[in-house]
Structure formats: structure tokens, C-alpha cells
Amino acid sequence: MRKISQGLSHFLLNATNTEQFVKTAQFYKALGFQEILGQNDNAITSEKVWLKLHAEESSLTSDVTIKLVIDTSAVQREQPPQDVDWALHTSGMVLTVTDIDTIKGQLKEQGVLFQDQSSTSANDRIQLIELYALDPLNNMIVFANKPAFPSLLDKHDILSQGAPTAVKAASQPSPKRKKIAVLTSGGDAPGMNPAVRAVVRYGISKGCEVFAVYEGYQGLVDGGERIRKMDWKSVRGWLAVGGTTIGTARCMPFKKREGRLQAAQNLVSNGIDSLIVCGGDGSLTGADVFRSEWPGLINELKESGRITAEQANTYQHLTIVGLVGSIDNDMSSTDITIGAVTSLHRICESVDSIGTTALSHSRAFVVEVMGRHCGWLALMAGIATGADFVFIPERPPTSDDWESVMCSVAQRHRQLGKRKTVIIVAEGAIDRSLKPIKAEYIKDILSDRLGLDTRVTTLGHTQRGGSPAAFDRILATIQGVEAVEAVLRSTPDTPSPLIGMSNNHVTTGPLMKAVELTHDVAKAISEKDFARAMELRDPQFSEEFDAYSASTILDDHSMILPEHQQMRLAVIHVGAPAGGMNAATRTAVRYGLNRGHTMLGIYNGFPGLVRGSVEEMSWIKVDGWTSRGGSELGTNRAVPGESVDMGMVAYQLQQNNIQGLMIIGGFEAFTALRNLEEARDKYPSLCIPICHLPATVSNNVPGTDYSLGSDTSLNAITDACDSILQSARSSRRRVFVVEVQGGRSGYLAVEAGIATGANTIYIPEEGLSLARLQSDVRHLMALYLDDDADRSEGRIVLRNETVSKTYTTDVISSILKDEGHALFDSRTAVLGHLQQGNTPSPMDRIRATRLAMRCVCFLEKHALAVLDNAYRNGTPIPVELTKDVESAAVIGLSGNQVTHRSVPSLLPVTDLKNRKPKDAWWYEHRPLVDLLSGRGLFTKQAQELLSE
Ligand code: ADP
């Protein structure tokens, strides 16, 4: 039997008169409840009685206690009508009993009203009985007979039959059973919950015991209830929850030795030998202090008799592992911290909204964003929202009279027709003499000097809030897993590791070094060594800053190329729309114009080009495109050399005198690049630099880790799955088979699988068989059997659209429905074009800006020599600018680098038939989906019960 709600100390039942009181007490006693003394009041009177059903005498997981009193003012509950489904009743007490027949008999004997909601599985193997009864006060009681076997998932004697390789490896017994505690400390950050979830579940799967310390270091100092053992189910649903459910606090006592001594005692008394701390630099400094003092603390505890000599001997060493949870992205040694990207989502949502009102009233807005000494949030928000000016601590304005510079930029933008001005200022922004630059001051300058109607918006704590973005869920999950691995690898001699991220891979480096480097940034700023401050940030930071400056601020001719190097460059969109296509086009146009090029937009892909749909793009034409989804130019799947005539393409390129072509799109764009490059021998006008900027939700373009649109899509899928799960949780035990795009690539399914906590995924890389479906049905049944009787739980299966012709989304759902009959229902959700998202995510906008600028640089670089030659020799510029194979390339991201990969260098690593790269960096995440959904964690009983 089970309580309806964990942590509830008792149910309070109010009888309105003595007759009801007596009847109700008799009713519960007949069910096995016994009278006990109260908790704080120990009298059993004729008006008050405590009744308890003992766990050990029934099948309860914990005791159920009822306090029954007479309260004449209490409102008598209405009896629910018998013709409605009592299962829909919003409250009730759930008692799980093994001998349901006896209960049924008792109810009948007592003349109690009840509804029988029992059901049987299709193969008669499992019968679920649920009786909904009313006590004499009309309170709903649910009697359920969950098949009697213990919880499947919080066992340590895990069997891994039928589990994938990684799960098998994970469930091998570790040499030493670790007891790990995890805590979150300092400022909360979205993604802390997914990190704790990953630590708990991966730790359990490795055979460790995992504890959560509530309220950060304060919980460690307080001990007791604040250090709680976690099981598999304690972290269910945490992926989607922002902040930190285990709480965080700033803890002064932990800064003192006495506090840390108490914390050490509490760890030892709980038998904990490892601590994973998720927090900012302050929390991680504290963690390192704790570890360095540990031997001394243990000794003192032993000397003062607070722990035994044996305990002192067993707990000689404390393993500490750091995870960086901080919205500021201010930690050195890691490219990105948990929470920063979600915070950026919140900022961009706000600035986008402010943008529309600013536009309506032709206003200026000064937006202050968080970040302490770090300008990452401000800069990235500036890029992602197309702000007019950004102030950050690491790169103060170069001019002492920055007020005039800012005003001239804002004014130039206005003169070009912009109706809004947005200035983003980091809370730690300073000028060159370290004087803070404050939002109010900027507002006064804009109002006084330019006469702009200016408002200040301080975003404040909205930036910390909300459900974590897909990026943070994935980041926190893979880092949480790595933190447990680091615990298991650690020896007394290894320095405390910090889990970081570099080049798109999880890294482990010395924690203290990272903290020192982080403090160096503040030091460099205070010493006005701004070059050093920029250098200490992640490598992309200064490149992003340059891309922002070069594309956002209308240049005062300082960037312009000599006239003979100025070109006619065209941008075209190919394939399906993807978030970031417009942002990339905007950056290319603005940067190109700043360089003196003529920028051309080609409408509706290659068919549009053939029709001569080419227009010169102005600076204002692309205003606001950063935040627009879809494709403003219009996109088309048709590819030259296939459904579009190559000769016509060559003709139009020549006709429009196009000297460089930037193709933004997915695999079709790659095919276009290949075909154009191949046809260069036939058509001189194709002998121009051509670059392909990957943009597709499927992320299946060779030569890049990420294509534009893939992050937007992951967020769209994650949001949709969150809604689906919420619906299931509120109504029925339901498995949703969610069909996602991706072509022949499982990228979206795998990454969304991690971000949504999907129970399983079907991807083309693995295919789908009957055996696999059977085993998945069993897995799902085991999970539902293990659920609390009174909870409706939703579960997600993600199916890539092309995984199988036979096992369609509908077929899978029907199979699940039939096979899971008594335990769960199934529905489908085909997300379709929803996956393209509405507004592009900040990550896609930022990637777009960075890559687009590099595309223009690439086009310039490959034409420069010919242009210079013609100029020197006084000859006309030839149509044929370059035939160099390197001059037709994919401009992509490899880790934190931007790379140019020529067509011949990419062909050997491309699976042309399946339209994707042969290797996929994300495939290593695949086992985590199964592992973190508990697949393979079957107990013997479950296997026996469910096996054919
Ligand atoms: P963040 O981790 O976000 O940087 P803080 O700097 O406020 O946040 O640190 C969080 C907590 O970490 C502090 O309240 C304190 O308990 C602990 N802490 C920070 N610095 C130290 C230190 N030098 N020694 C011991 N504990 C510390």
C-alpha cells in the first residue's frame, strides 16, 4: 500500500457530528487501521482519534496515518454521482493491497458504495484491479492491487539482460561501491535539475548510492533530513524543471572552518565518500577548500570523539568533482556553463518582445542583463537580437568619448530608416577607466543628445527562470554522467576535477586551476589589461565580438575594401526552411556592405535564379531578420544539374555578374555545391568562389558539427514533448510515439531523446525489428508496473520519420496499445513542420552570424588574387575568378573552430546514398537515452513476470 503523497504526515478527516465520527472510525478499523496516540497531542478522546495502518502489516511502502476529529463547522462532502467515472475524482487516498477480494467482500458487507475499475491485459497475464470507494464522510479511497513485486528501479543488484552495450558496461560492478552526494550551490541556474537527475540515475546504474544534499552547503552543515538518499524515481520529470529542486543557498557557516567540520561529520555519518558540487566559482572554491582541509577535519573529528577511529580510517579521502552551473558563462576552462544558454533564451525572448513595442513607438530601449564580470550574456544577446550597441566588461569602448560614438551609431541606423534602437548593457559594463556604465546614464545620453524617447528595462531574475533549453538539458546530462565517471576514476592523489566543455566535447581538468583562471579575468579587468581578459574567455568570444561589430554597426568606411576588390556577392537559400537562415543572410549582407561589396539576394532558390529573381539588398532591407524564422528570401529544394538546368544557372550568374555565391541550406545545398563545382569546366561563370553554409533541422550536412536550424528544432521538439507529457500526467497512463524529422540521420531523435528523457528512440542508424519492439513493450510494462498506483505517467518514444517502412508511427502505437492494454494506452504525435520552430533559437542566430561573416571572408579570399592582378595589369576583371577546388567549400563548425572543407575533402566522409556524414559525433550520446530511462534495469521478478 502506498500513500497518496510522499512527505504527508497524516490525513485529516473531519466528521461533523458524533454519529459520523463513530461510523468513520469503525469503517477504518474494519480495514485494519489501529488506534494510536497522537503525535503532539497524546489523548484519545471521544472527539479525536489517531488511526494508523502499519506498513509492515500490509503491503504499504510507509505507514498511513489518519487523524479523525469532530468539527461541527466542517462542510459535509457531497457524494459524487454514481454515473460518473470516480477515477476522475481529483483527490483521494490510495491504498495498495494484495488481497483485493477480501477488501471487496468487506466493502460489500459494510454496504459501502464503490466502483470497480479493474482491467486485464490482452494476454491475461496481468490484471489491474482498482476499486474506488467512499468512506462514511464521502472521502474517496482507492484500493489497488499492483502486481506484487518490489520496485524495479531502485535496486542495486541490476541485471542487464537485453540491454545495449553501454548499459552493460555501465552496470558492471564498480571496484568500490561509492556513496556519492550531489548538491547545487550559489546562484541557481536552469539545467541544475537535469544535472542532478543524470548524477542520480547514472550513479545508481553504476551501482553507487546517491544522496542529494538539499539547500547547498547549508544542507551539508545542517545534515539530518537535508541529506537524502535518492532513488531512480526521485528525479523523474526533473529535465523540464528550471532552477534547482534540491535547493540552493548562500551559506556563511561553510565559509568558516567550524561549519566545514560539521559538514565533514555529516558526510561521514552518512557514509558518503564523494561529493559532486554544481555551482559557480564561489561554490567550487568552497569545494576545493573543503577537500584540501579534509584530512585535518577528519583528524579533528576523531580527536574530539565526534567520529570513531574506524570511521576516520575509512573516510580518509574525500572525492570532489565540480560541475559549473552558472548563467553567466564566466568560468574559464570551459566553453559553456550549465544554464547560460537558457538564460540567453529568456533574454532574447524579452528583447524580441521589447523590439516590437520599440518599433511601434519608434523608441529606444536600454536593456540591462546579468553576468557579473562577464559580458557573455550581453554580447550573445546583442548578436542574437541585432542590438545597435553592446557594453561588456571585457572590452570597454575604445574611445573615452564613447557616448558620442554610441550616439553616432544610433543616429546612422536611424538615418537608414531604423525605427527602434536597442542598447544592451552588461551589469558589469565599464569604460576604459573602469567607471561603471549604467543603463540610466545611457538612457539620459540618448534622450538628451538624440532626443530619442528612451526607456530602461532591467531584466533581472527573469533571466534565471523557466524550463531549461534543450542545449542545457543535454549539456547538464552528459556532464552529470561524466561527473560520476570522474568520481569512479578518482584516486586520493588526483586533484579535484572540473567537468567542462571544449570543442564540443566533455572535458575534465583541474578544478582549482579553472577557478584561478576565472579570478584572473576580474584581475585583468581591474588592471585594465583588456586584451588578457578577452583571451581568458572562450576562444569564440572575441571572434563573436568582431562578427557583431563588423555586421551590426554601420561602418564609417574603416572596413571598406579598395574599390577594385569590391565584388558582387549573392545569397541563395536551398532546401527546407531552417531557423537562422535569415540571420545568416542579414549578417552576410551587412558585413558585405560594410566591406563595399554589392550584396544580391536570390529569391526562391535556384528556380528563382533561373527566372532572374535577383535583387540588390540594402542595409535596412535585412533589418529585423535576425529573429525571423523561415526564409525571407524563399527557399526551394531544386538543385542545379538535377531539376534545374545548369546552363540557365550559369547564364543568370553571368548576366547578374555574380562574383561569389553563398548557398544557405541543407543536404540539397551540399549537392548544389558539388554539382556547381563539377560543372565549372563547362561554364566559366561557375568559376567563382562558392560557399555552403549548412542550414537544416536534420543536421546531416558533412563538414560541420552543427547546421543552422538544428538547435531551434531541438527546442521545438522538446517543448512539444513537455506539453505531451504534461497532458499524459494529467489524464492517463499513456505512451506517446512521437515522430521526428531528420531524414536518414538520427541526430534529432538522439539529442531530443536526451533532452526530453524519452524512453526509447528509433533511428535509421539502428533500424527497427519486431524483437526490438517486443523488448520495448516489456520495458514499458516494467516501468508502468513500477509506477505509483495513483499516478498517471506519460512516456515518450521518439521515432525518426524514415526508420522503417513497416513499423510506421501508427503501427508502433497500435502495437503498444494492444500489448500494454491494462497498463498503458498509446497515442501518436507527428510533429511535422512544427519542428522548424517559430523564431530561431539564440544558438542558431549566433552560429548564423559567426558563420555568415566567415562565408563573406571566404568569398573575398578566393577572388582577391585575380582582382588584384587585373587591377595591377589594368585589364578587365575576367568572368572566371577561380577554379581552385578549395574555392568551393562547406563553411562549418568543428568544435569551436570555423572550418572550410572543400568538396573533394568531404566526399570520402559522406554517405551520399543516405544523405549524411559517415561519422556522427553525436552518436556517442545514443546509449544515454536508454541508460537514463532505466532500460536494462530489470529485476529478476520483472523478467519472470513479463517473459513470454
Ligand atoms: P557561486 O557559486 O554562484 O559563485 P557564491 O560565490 O555565493 O556563488 O558561493 C556560494 C557558496 O559557496 C557560498 O555561500 C559559500 O557557502 C561557498 N563558498 C564560496 N566561497 C567559499 C570559500 N572561499 N570557502 C568556503 N566556502 C565558500
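# Reading helices, sheets and a ligand site

User: Let's start at the end of helix 6. What phi does Gly-271 take there?

Analyst: A positive one: in this predicted model, Gly-271 sits just after helix 6 with a phi of about 75°.

User: And the helix itself? How many residues does helix 6 have, and what span does it reach?

Analyst: Compare the end-to-end C-alpha distance with what 1.5 Å a residue would give. Helix 6 covers residues 257-269, 13 residues in total, and reaches 18 Å, close to the 18 Å expected.

User: Which residues of helix 6 are buried?

Analyst: Here "buried" means under 20% relative accessible area. Gly-259, Arg-260, Leu-261, Ala-263, Ala-264, Gln-265, Asn-266, Leu-267 and Val-268 are buried. Their cover includes strand 11 (179-184), helix 5 (216-222), strand 13 (227-229), helix 7 (281-303) and helix 8 (309-314).

User: On to the ligand. How many residues surround the ligand, and which are the closest?

Analyst: There are 16 around the ligand, and the closest are Arg-250, Cys-251, Gly-280, Gly-282 and Ser-283. Then look at the polar atoms. A ligand oxygen is 2.4 Å from a side-chain N or O atom of Ser-283, and a ligand oxygen is 2.6 Å from a side-chain N or O atom of Arg-250. At Gly-280 the partner is a polar backbone atom, 2.9 Å from an oxygen of the ligand.

User: Now strands. Is strand 16 mostly covered or mostly open?

Analyst: The general idea first: side chains in a regular strand alternate between the two faces of the sheet. Strand 16 (residues 364-369) is mostly covered, with six of its six residues buried. On one side you have Ala-364, Val-366 and Glu-368, and on the other Phe-365, Val-367 and Val-369, so both faces are covered given that residues under 20% relative accessible area count as buried.

User: Which strands does strand 16 pair with?

Analyst: In general, strands pair through backbone hydrogen bonds, either parallel or antiparallel. Strand 16 pairs in the parallel sense with strand 18 (residues 421-426) over six bridges, and Val-366 stands opposite Ile-423 of strand 18. Strand 19 (residues 454-458) is also a parallel partner, over five bridges; there Phe-365 faces Arg-455.

User: What is the strand order in the open sheet of four strands?

Analyst: The order runs 28-29-27-30, with parallel pairing. Strand 28 (760-762) and strand 30 (825-830) are the edges, each pairing on one side only. On average, neighbouring strands are turned by 20° against each other, direction ignored. Strand 27 (residues 734-740) pairs with strand 30 over six bridges, with Phe-736 opposite Arg-827.

User: Which strands does helix 22 lie across?

Analyst: Helix 22 (residues 747-756) lies across strand 27, strand 28 and strand 29 (794-800), at about 170° to strand 29. Helix 23 (residues 770-786) packs on the sheet too, touching strand 27, strand 28 and strand 29, and makes about 160° with the direction of strand 28.

User: Last one: is Arg-473 buried or exposed?

Analyst: Arg-473, in helix 13 (residues 470-489), is buried, because its relative accessible area is 1%. For a buried arginine, check the polar partners. Its side chain makes a polar contact with the Asp-722 side chain (2.7 Å), and the Arg-473 side chain also reaches the backbone oxygen of Ala-755 at 3.0 Å. Residues touching Arg-473 include Pro-194, Leu-239, Thr-718 and Thr-756.

Technical notes. Residues are numbered from 1 along each chain as its sequence is written. This is a predicted model: local features need pLDDT of at least 70, side-chain atom pairs count only at pLDDT 80 or more; totals for chains, interfaces and linings use all residues. Side-chain values use heavy atoms; hydrogens and water are left out. Helices (H or I, at least four residues) and strands (E, at least two) are DSSP runs, numbered from the N terminus. The expected span of a helix is 1.5 Å times one less than its number of residues. Buried means under 20% relative accessible area, exposed over 50%, partly exposed in between (1.4 Å probe, protein chains only). Contact means heavy atoms within 4.5 Å. Two strands pair if DSSP finds at least two bridges between them. Axes are lines fitted to C-alpha atoms, for helices over the stretch in contact, and angles run from 0 to 180 degrees between N-to-C directions. A residue is near a molecule or strand if one of its heavy atoms lies within 4 Å of it. A polar contact is a pair of N or O atoms within 3.5 Å; within protein, one must be able to donate a hydrogen and the other to accept it, and residues adjacent in sequence count only if both atoms are side-chain atoms. Lists of a residue's contacts leave out its neighbours within four places in sequence.
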